[in-house]
Amino acid sequence: WDREPPIATPTTKMPRPNEKAFGFTDVLQLERHRGVSLKATPVSLVAQTTRGKSYALNVLDTPGHVNFVDEVIAAMRMADGLVLVVDAVEGVMASTRRAICAAVREGLSITLVVNKVDRLIVELKLPPADAYYKLKLTIEEVNGAIAECPGSSAAARLSPELGNVCFASAAFGWCFSLESFARRYIDTWGMPVQPRELARRLWGDVYYHPERRTFMRKRAEGGGDAKRSFVHFVLEPLYKIFAQVVGEDEPALRPVLESLGITLRKSDYAMDARSLLRRVLCHFFGPPTGFVDMCAAHVRSPLEAAPAKTERLYAGPADSAAAAAMRQCDPDGPLVVAVAKQYPSADASEFYVLGRILSGHISVDQRVRVLGEAFAPGDDEDMASATVAAAWIYCARYKIPVSGLGAGGWVLLGGVDGSIGKTATIVGADVPLGDLAIVRPLPLPAESVVRIAVEPVVPTELPKMLSGLRKIGKSYPSAQMRVEESGEHIVLGTGELYMDCIMHDLRNVYAEIEIKVADPVVAFRETVAETSAVMVYGDSPNGKNRLTIIAEPVDQGIAEDIEAGHVSLDWPARQVGQFFEANYGWDVLAGRSIWAFGPGESGPNILSDETLAGDTDRARLRSVRDSIRQGFQWAAREGPLCDEPMRGTRFRIVNAALADAAIHRGGGQIIPAARRVCYSSFLTAEPRLMEPVNF
């Protein structure tokens, strides 16, 4: 029995990664069952750079699936920068482009992590020189996607030598930047150079000549041995580690690893090849300090980002005390918290709200006002008072209770969710009513077009289902609930997986009842193909006001420009006119006479005033402008064909005969008249139905 133990030899067949090894932020059972992230999950942590300096990082891990782009947009509301994780093999996907354009629109700094570099070695088996070209192509693809977004600048270019790109393999637990790799060389060999200087020479058309021991911009005469520096210093050592660990047994492998400063226990060598490789690479690369370097250098701090974020998000006056405090990220200023996400409690009986403190300080037991998305100065219907019951720092799998937090941080609040629909603004109870204003709602880029009708199997359980639907609306930013005239309860979402997750949560988490679901259908849009055949007029109910309107299709591309925010009625009228003149050849006056987009502030329909001063009393028409706008918004939201929103239609007011007395031209008279005349002009302009296409 006194024999030597058998030598542990790693198997050459590499099995799949351990299926039970979930990501730290995959906390939902559904995420683990499907193997895909479904919710944006925050983690706050302290991490060190390669120089040993500690930073507090607030990270929101978002889903990559194209259906869940709403979670990405909600996360961007909280963040100052975007870390884009791109597969080295797959490259840029549809959801990647969407995330990039949203980040450019939100003014976030973009950094890149090229993930799954191990696939180039293990799956594609590319030689190191070809792997370099593949990595370079992936980075150029991302740069191309950034350049295509309107509003992007040349300063947003991503390149490893600039320090805003990292290379990683999550499956094998390593991540590095060029500077962190260069520092490893310098520390190992005691080289008398700065890591940044060496890192600048490790990417691009820089070659290393091993005999002369020099870097060259191009291969010199007789420099046939010169290799690209990235291949020589980074990829070849990485490939050698993979080859040694997979191909050698313990006696041959141990001295190689010890020469790299990696000491493993005897039991480690008995692991299968993939597990051993992960262990070795984790020891070799150490903690991801290069990633922290990248974030510290290229993602702005809350203080630096505050002025731009305030200008973009705050709907109140720029000269108010709250706006000034937000621009300085002032912890002593008035309290303003932008709520972007809600998370259910363990028993799903209440929701905790995740918000970013833009100014001021929030503490437990503080009295606050909760302003909903529909709040407007002078209209305090969507406002409620609440008391902060609890505050936490949210770390995915656990919550750290705190007594309070100051400006610039992310905070999870309990006890304030009662009146919140999707997003909200929380302000201190001491802020005067006249100074209240909201943070703008989320600009969701994808419309919810997949719809299903739901009803409980047991009719008496309808109240439970309605309560569950309200909670679904809080939990899913893009989900919409609607009750049709027939009494059907309609749920709208962005796609098949999205609806599947909604129904899972409704049945098992929020309502906990059996629910019947009708076959899914898609939402339509209503539009016109021609200009109205006749000038259509409509009278108000009292017969004393008459509006004449013509409907016509808008030029190709206008609807998309309005929805993407390339033109806004917040601009001065002259600027709006110049935009339509430059891009679509409109007359300057036609562009300046636009009254509204609809439905909402960035809907793809236009209302414009083209009345002539000789035919119409312009002063009277201006006095009823808001009522006509409301009638147009109502019509654009529910079209005449099948109550679906309109798209790509322009309504031109060509004449208006209004009552002399103001009492006869109030909202109750003008709004229904404007809606009806929009409908009739629409129906005389060859109406059509539009169907969504899955891209």
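In the predicted model, the contact between helix 2 and helix 3 is formed by V69, V72, I73 and M76 on the side of helix 2, which meet R98, A99, A102, A103 and E106 of helix 3. Sorted by class, the residues of this contact comprise 7 nonpolar and 2 charged residues, with no polar residue among them. The axes of helix 2 (residues 69–78) and helix 3 (residues 94–106) come within 10 Å and cross at roughly 25°; because angles under 35 degrees count as roughly parallel, helix 2 is described as roughly parallel to helix 3. The crossing in which helix 2 passes helix 3 is right-handed.

A second helix pair is formed by helix 6 (178–189) and helix 8 (residues 229–247), whose axes lie 12 Å apart and which pack at an angle of about 85°. That angle makes helix 6 roughly perpendicular to helix 8. To this contact helix 6 contributes L178, F181 and Y185, while helix 8 contributes F230, F233, V234 and P237; the contact of helix 6 with helix 8 thus contains 7 nonpolar residues and neither polar nor charged ones.

Helix 6 also takes part in the surroundings of helix 11 (residues 289–298), whose buried residues are T289, G290, V292, D293, M294 and C295. The elements that cover these buried residues include, besides helix 6, strand 1 (41–48), strand 2 (54–61), strand 3 (81–87), strand 4 (109–115) and strand 5 (165–169).

Notes. Residues numbered from 1 in each chain as written. Predicted model: local features only at pLDDT ≥ 70, side-chain atom pairs only at ≥ 80, totals over all residues. Heavy atoms only, no water. Axes fitted to C-alpha atoms, helices over the stretch in contact; angles between N-to-C directions. Helix = DSSP H or I, 4+ residues; strand = E, 2+ residues; numbered from the N terminus. Parallel < 35°, antiparallel > 145°, perpendicular 65-115°, else oblique. Left-handed = near helix turned anticlockwise from the far one by under 90°. Contact = heavy atoms within 4.5 Å. Nonpolar A, V, L, I, M, F, W, Y, C, P; charged D, E, K, R; others polar. Buried < 20%, exposed > 50% of the residue type's maximum accessible area, 1.4 Å probe, protein only.
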